Amino acid sequence: MHVGALDQGTTSTRFMVFDHAGRIVAMAQEEHQQIFPQPGWVEHDPQEIWIRAESVIEHGLNQAGIGASELAAIGITNQRETTVLWDRTTGEAVHNAIVWQDTRTADLITELSADGGQDRFREKTGLPLATYFAGPKARWMLDRVEGLAARADSGDILFGTMDCFVLWHLTGGPAGGVHVTDVTNASRTLLMDLATLDWDDDLLGAIGVPRAMLPEIHSSSEVYGEGVGPALGVPVAGILGDQQAALFGQACYDVGEAKNTYGTGCFMLLNTGEELVPSVSGLLTTVGYRLGDAPAVYALEGSIAIAGALVQWLRDNLGLIESAPDIEALAASVDDNGGVYFVPAFSGLFAPYWRSDARGVIAGLTRYANKGHIARAVLEATAWQTREVLDAMRADSGVDLTSLKVDGGMVHNQLLMQFQADVLGVPVIRPTVSETTALGAAYAAGLATGFWDGLDDLRGNWGEATRWEPAMDETDRDREYAAWKKAVTRTFDWV
């Protein structure tokens, strides 16, 4: 038997099959369109994503040479905060999905902040008011699609993040689909109370989202329903937002363990156990995971909006590289950044600043600078942003990290990982299976169905593949960090 994971990401959807040792048996992946209707707006076509999801499940099973009956369970992981509203009867989305990076709710956020400031809901939700989160995205659609608000009040329209939309279709859609989300995704909506793990009427009223359209909130590891189509009869038994899934897949089950995922954005999570740790340093307090009836495990999170997406921008918008991996050779063609710093505040700055008024800046340009320096500054931007988040985590938790577990697409870039170790001053460790997001979803599903016995089983699967030791002089590190901080201030108050 095997376990499958459906990984619905920002740029693509994948289906991966794992064996009992947590090794990848098969993977199928398909990209979907990125839609940019105007500056600051980012959308996806939910129907296209569902078609991709069905396709990758079918191709992944074929590649593994197994049928659906040989899967013990399927877990779902997803790009978080990306918001869909759809018709309960037809299953059709009423608007394109509004992606987590989208900034169109800026005016609504300003309006909500007028009474109580940016931290108005932080005590209950662990989140600042920001365009990042899902609840205000739903409100934006309710306000602008004609007749939608009345239909939502009556329960004809369903709300969900991508996990919820995919689960509903995977378990039958209009013919009995399960309308459920898990605690990790619900904790990213600004609508759930972190302490009660339930939707909060005061939050729903303030943000303007009717309870009738909301999914039920369940744990991250339990059987929600059975698959249809290519996953016919398979228990769907795990849901984790992508960053929590990576925390789980990296076996960060003890208080103080942390991981950083380098994808479209960059996300560092620190396990704080059953304790809700409020942040005073610009981090998010979020649910890490909840296994069945056990208490929830919480985490502190530093969210960075643009990491791998900056490499894509260099490729697609400027044409400086032909493919994303080419950036490493281009960046290595120079000895250092030549004094150039690139702050990619394309949709504002996330942690630890939460400045939706910021926009991207390249600072320190001289006639000396060339495309190699730009490429190096692009990679270094991810490392410096991670350093800022780590500093905030130290301040909030009092925990000094002794190493950082890393995963995601960018961890195969040796230059970036060495620079990351240099600017953090601690070893950076990549596991043998770097696809930890999908692995975490598989683990949650496999635990719920008895495929794995418990957390010790999963800890035993984790193995170190590569370690980068810091090699930068502390004086150089401090000088360059100060220059980065200076560049960041230049992005403020642009909008």
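**Notebook: helix α1, strand β6 and a pocket**

I listed the buried residues of α1 (buried is under 20% relative accessible area with a 1.4 Å probe, protein chains only): P46, Q47, E48, I49, W50, A53, S55, V56, I57, G60, L61 and A64. This is a predicted model, where local features need pLDDT of at least 70, side-chain atom pairs count only at pLDDT 80 or more, and totals for chains, interfaces and linings use all residues. Residues are numbered from 1 along each chain as its sequence is written, and side-chain values use heavy atoms, without hydrogens and water.

I checked the length of α1 next (helices are DSSP runs of H or I, at least four residues; strands are runs of E, at least two; both are numbered from the N terminus). Its 19 residues, 46-64, should span 27 Å at 1.5 Å a residue (1.5 Å times one less than the number of residues), and the end C-alpha atoms are 27 Å apart, which agrees. After α1 comes G65, with a positive phi near 70 degrees.

I then turned to β6, residues 83-87. Five of its five residues are buried, so the strand is largely enclosed by the rest of the structure. T83, L85 and D87 lie on one side, V84 and W86 on the other. β6 runs antiparallel to β8 (residues 157-161), joined by five bridges (strands pair if DSSP finds at least two). L85 has F159 of β8 as its bridge partner.

Last, I looked at the lining of the second largest pocket, which divides into ten nonpolar, eight polar and four charged residues (nonpolar: Ala, Val, Leu, Ile, Met, Phe, Trp, Tyr, Cys and Pro; charged: Asp, Glu, Lys and Arg; polar: the others, Gly among them).

Notes. Buried < 20%, exposed > 50% of the residue type's maximum accessible area, 1.4 Å probe, protein only.
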